[in-house]
Structures are given as structure tokens and as C-alpha cells.
Amino acid sequence: MPMFQPLRRDGLVGFEGGGDGQVLDLDTAVKDGLLGGVNGGGVPDEKLDLKTMIKELDLQDIPSVFICPISLEPMQDPVTLCTGQTYERSNIHKWFSLGHLTCPTTMQELWDDTVTPNRTLHHLIYTWFSQKYVLMKKRSEDVQGRAIEVLGTLKKAKGQARVHALSELKQIVVAHLMARKTVVEEGGVSVISSLLGPFTSHAVGSEVVAILVSLDLDSDSKSGLMQPAKVSLIVDMLNDGSNETKVNCVRLIRGLVEEKGFRPELVSSHSLLVGLMRLVKDKRHRYGVSPALGLLKPISAHKQVRSLMVRVGAVPQLVDILPSLDPDCLESALFVLDALCSDMEGRVAVKDSANTIPYTVKVLMRVTESCTNYALSILWSVCKLAPEECSPLAVEVGLAAKLLLVIQSGCDPALKQRSAELLKLCSLHYSDTMFISKCKLTRTIQ
């Protein structure tokens, strides 16, 4: 159970069990900002639920005096023990139900297990949260109103005025959840999407895409974005836009790909694949790697896309970046390479890449089981395709020892079976004595 180290009570008293002997007036404490409250605010007339306010505000800078030492969460029903320490009622009762007869913070034995409601602290907590909550609601209403105004402006704005309106709307929806909901509810998605077309400037298009990726788009909205002219503009910006715009374009296309009515021909584009591979290989701006690989995964399920990936030279590029990828990106890249191996031209391209075998062998049993699974599938494909060429090379870089580790591990039985089959395939090109020498576990450690 997490324990909280008692902190100084921020110089406050006015509640049971704390303070330095002085008594502060509650309203003065809040108005003077001693708890970080809203200046000049009292408890609102409307009766608000404390639990709801705590959940919706989700604040990080909560005064330590409001935090239960047991759960480390804001207290809703604070009670005080005979030791002077205050806890959330449900938490301290749970502590007692576990057989503890001590104070959780001080570990003193309790001479009295009675808990006393700390009404003063409850009032402080309620006042502080209610002021924050009312202010948040007021700001949300202001933001919602401004979002509606900007949407109205977009319907008639032209040129630079349109760019300014879109830029302001982007800032609003990125920063405020309620603004995003308002834009969707007010039909803003269709207004914003209508600005994408064959003659749309990249200045307008980049702002539109940034807004759309921030919104929760429904099926109808996504269907409207699947028009070839709109997708073509998005792909153009993926290649020529800023790094932020490129990533936004990838995320927007990813959302379209996941829709039921998606048509593979929309992403069977040389320009799209070139743009994605540029993001994957960009060594200066690595934050585009994960989104790009995340889009390559679903589109690699389509044969025409896989064929195009081979033709644009994606295979050696993906293989060469394997050592530099984090585990999540590595899994995505291996997934794509494994998908490419499902076609003959893809298997040949993977086999012909000079680093395929050493890099995939290195992955085995080093990252996740999924990575091992994809790497093993890739190795099986190339070794089955050209056993005399690939099997000895794989064994020389330590494949046999790695396969033995997989077989002896607690991984999926199907993975063990595939490892045994690959091990048998590789052994055909060696004498028994020679192959045993290639299985030394020291190779696995290197």
C-alpha cells in the first residue's frame, strides 16, 4: 500500500490535527490564495458534487493538505485520528479492516480507534475545488463560443483571413476538449473538410489537417475525406509540408485506412510511400518514425501496396534502420517486412538485402516475443527460398544457437515448432559435428 511522507501543511491550520497553533478564517484563507484558490471567489451558490469536480478537473497541483496519505488522492470525506493525522474515511477503514491498529503515517499505536469528521478541511477542499471547477466551466463556455464564431468566419473568409481563422481554431481545439466537441456538434467537420481540394494551398491545407487530426471523426466524416482529390492533397503535404504537417498527414490517413469503406487504391501511391520512407529514415526528426511505420503496417496488408513498396526500394531501407529502432517501432518494421515476404517479389527483395539475415538474427530473443516471431518468419521465408545461399550465412551469424534458445524457452509452442523446422533446414548443409559446433551458446551472447 503506498505511503505518504507527511509534509508541512503549507502554513495552514483551521482544521483538526494540523497547524502551528494559529486559527485562520476559512474564507480569508481561500480569498488570500493561501491554498492557491481563485482570488475573490467564495463557494458558489450551486451545489456541486465534490467527486465529480475532482474527476473532471484532474488537477496535478493540488495542495498536499488535501491529499490522503494512504491513497495519495484528494480526500472527499476527511476524518482525523487521535494522533492528529487526517485520512479519507474509506481508506482508513480499509486500513483497520486489514487488522492494523496503528496510524499509517506515524505508525503509532492507536489508543482510540474513533475517527472524527474533519469538517473544516472538507469545507476547504470543497471551496478550493468548486472555485477551480466554476472557473473551468466559465472558460469552457468562452472557448465554445469562440469556436462557434471562428467556424462562422470560415464559411465566408477568403485568402489570408481564412488562414488566420484556421490557425486560431487549431489552437483552440488542440488546447480544449470542449472546443473539439463543439466543433463536431456544430457541423464544423464538414465545413473544415470542404476546404481541402485540388486548388487548396498548403498554408490552408496544413491547418485543416492539424484540426482534423485533433477531432473525433465519425464514419461519415471519414468517408467524405476519402475523395481522391482530398487524399492527393494530403499526400502532397506529406511530402512537401513541415515536419509537424507531415506527421499530421500520416495520422489522418491512418484514421481513414482503419475505416470500413476504405479503398486500397487510395494509398497505392508512389508519392505516399516515398513520403513515408522519408519520415522513417529521417535521423534529425525521429518523432515521425512511429507514425510512418504505424501507417505502413495496415497498408502492407494490400498486395498492390506491397508490390509498390518493393518497386520504390522500401525493403533495404526498412532493413537498414532495424538496429536504430525502439521496441515498438522495431515490431512495426518487422511486421511490414514479414508481410512483404508473403509475395515472391517481396521475398526476393528481402533476401537480396545484404543486412536482412544478420539484423533479424540479432533480434531473436532480444526484444519481445512478437519481434522474435516476425524475425523468425522472415528468416524462414528467405532460407526456404534460397537454402544453400541463406542457411549457411544465418548459421554463421549465430542463428542455430538462437533457435535452440527459442526451443528451450517458455514462448508460444507454434514459435518453438517453427524454430525446430528452421534449425532442421539449416542443419542440412553441415555435417553433424560441424553443426553442433555452430550451436555454441557463446554466439548468442555476442
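These are my notebook entries on a predicted model of one protein chain.

**Entry 1: the overall count**

I started with the secondary structure and got 24 helices and 3 strands for the protein chain. Next I looked up burial: of the 446 residues, 49% count as buried. I also checked how far apart in sequence the contacting residues sit. Taking contacts in the chain with a separation of 6 or more, 67% come from residues 24 or more positions apart.

**Entry 2: the sheet**

How are the 3 strands ordered in the sheet? I read the order as S2-S1-S3, in an open sheet with antiparallel pairing. Strand S2 (86-88) and strand S3 (116-117) are the edge strands, each pairing on one side only. Strand S1 covers residues 78-80 and runs antiparallel to S2, with 3 bridges joining the two. I looked up one bridge by residue: Val79 has Tyr87 in S2 as its partner. As a reminder to myself, strands of a sheet pair through backbone hydrogen bonds.

Then I asked what lies across the strands. Helix H3 (residues 89-97) lies across S1, S2 and S3, and runs at about 95 degrees to S2.

**Entry 3: Met107, after H3**

I followed the chain into the loop between H3 and S3, where Met107 lies. Met107 has a positive phi of about 60 degrees, although it is not a glycine. Is Met107 buried or exposed? Neither label fits, because at 49% relative accessibility it counts as partly exposed; the cut-off for exposed is over 50%.

**Entry 4: the nonpolar cores**

I went to the largest nonpolar core next and found 103 residues in it. Which of them touch the most other members? They are Leu169, Leu276, Leu296 and Leu422. Helix H19 (residues 369-385) gives the most to this core, with 9 residues. I noted that, in soluble globular proteins, nonpolar side chains tend to be buried together.

I picked Leu169 for a closer look. Leaving out residues up to four places away in sequence, Leu169 touches Ala147, Val150, Leu151, Leu154, Val183, Ile192 and Ile211. There is also a second, separate core of 28 residues, and Ile62, Leu110, Val115 and Tyr126 are among its members.

**Entry 5: H16 against H19**

Since H19 came up in the core, I looked at how it packs with helix H16 (residues 327-340). The axes of H16 and H19 are 9 Å apart, and the packing angle is about 30 degrees. Angles under 35 degrees count as roughly parallel, so H16 and H19 are roughly parallel to each other. Their crossing is left-handed.

Which residues meet here? From H16 I listed Pro327, Leu330, Glu331, Leu334, Phe335, Leu337 and Asp338. From H19 I listed Ser370, Cys371, Tyr374, Ser377 and Ile378.

**Entry 6: the loop ahead of H19**

I then went through the loop between helix H18 (356-363) and H19, where I found Thr368. At 30% relative accessibility, Thr368 counts as partly exposed. I checked its distance to Glu331: the two are 37 residues apart in sequence, yet 8.2 Å apart in space, C-alpha to C-alpha. Glu331 is one of the H16 residues that meet H19.

Met365 lies in the loop between H18 and H19 too. Here I noted a positive phi of about 60 degrees, although Met365 is not a glycine. Met365 counts as partly exposed because its relative accessibility is 38%.

**Entry 7: Thr372 in H19**

I moved on into helix H19 and stopped at Thr372. Buried or exposed? Thr372 counts as buried, because its relative accessibility is 3% and the cut-off for buried is under 20%. I then listed what it touches, not counting residues up to four places away in sequence: Val363, Leu364, Met365, Val406 and Leu415. That list includes Met365, the loop residue with the positive phi.

**Entry 8: H12 against H15**

One more helix pair before I stopped. Helix H12 (residues 270-281) and helix H15 (residues 314-321) have axes that come within 10 Å and cross at roughly 15 degrees. H12 and H15 are therefore roughly parallel to each other, and their crossing is left-handed. On the H12 side the contact is made by Met277, Val280 and Lys281. On the H15 side I wrote down Ala314, Gln317, Leu318 and Ile321.

Note on methods
Residues are numbered from 1 along each chain as its sequence is written. This is a predicted model: local features need pLDDT of at least 70, side-chain atom pairs count only at pLDDT 80 or more; totals for chains, interfaces and linings use all residues. Side-chain values use heavy atoms; hydrogens and water are left out. Two strands pair if DSSP finds at least two bridges between them. Helices (H or I, at least four residues) and strands (E, at least two) are DSSP runs, numbered from the N terminus. Contact means heavy atoms within 4.5 Å. Axes are lines fitted to C-alpha atoms, for helices over the stretch in contact, and angles run from 0 to 180 degrees between N-to-C directions. A nonpolar core is a set of buried Ala, Val, Leu, Ile, Met, Phe, Trp, Tyr and Cys residues joined through side-chain atoms within 4.5 Å. Buried means under 20% relative accessible area, exposed over 50%, partly exposed in between (1.4 Å probe, protein chains only). Angles under 35 degrees count as roughly parallel, over 145 as roughly antiparallel, 65 to 115 as roughly perpendicular and the rest as oblique. A crossing is left-handed if the near helix is turned anticlockwise from the far one by less than a right angle, and right-handed if clockwise.
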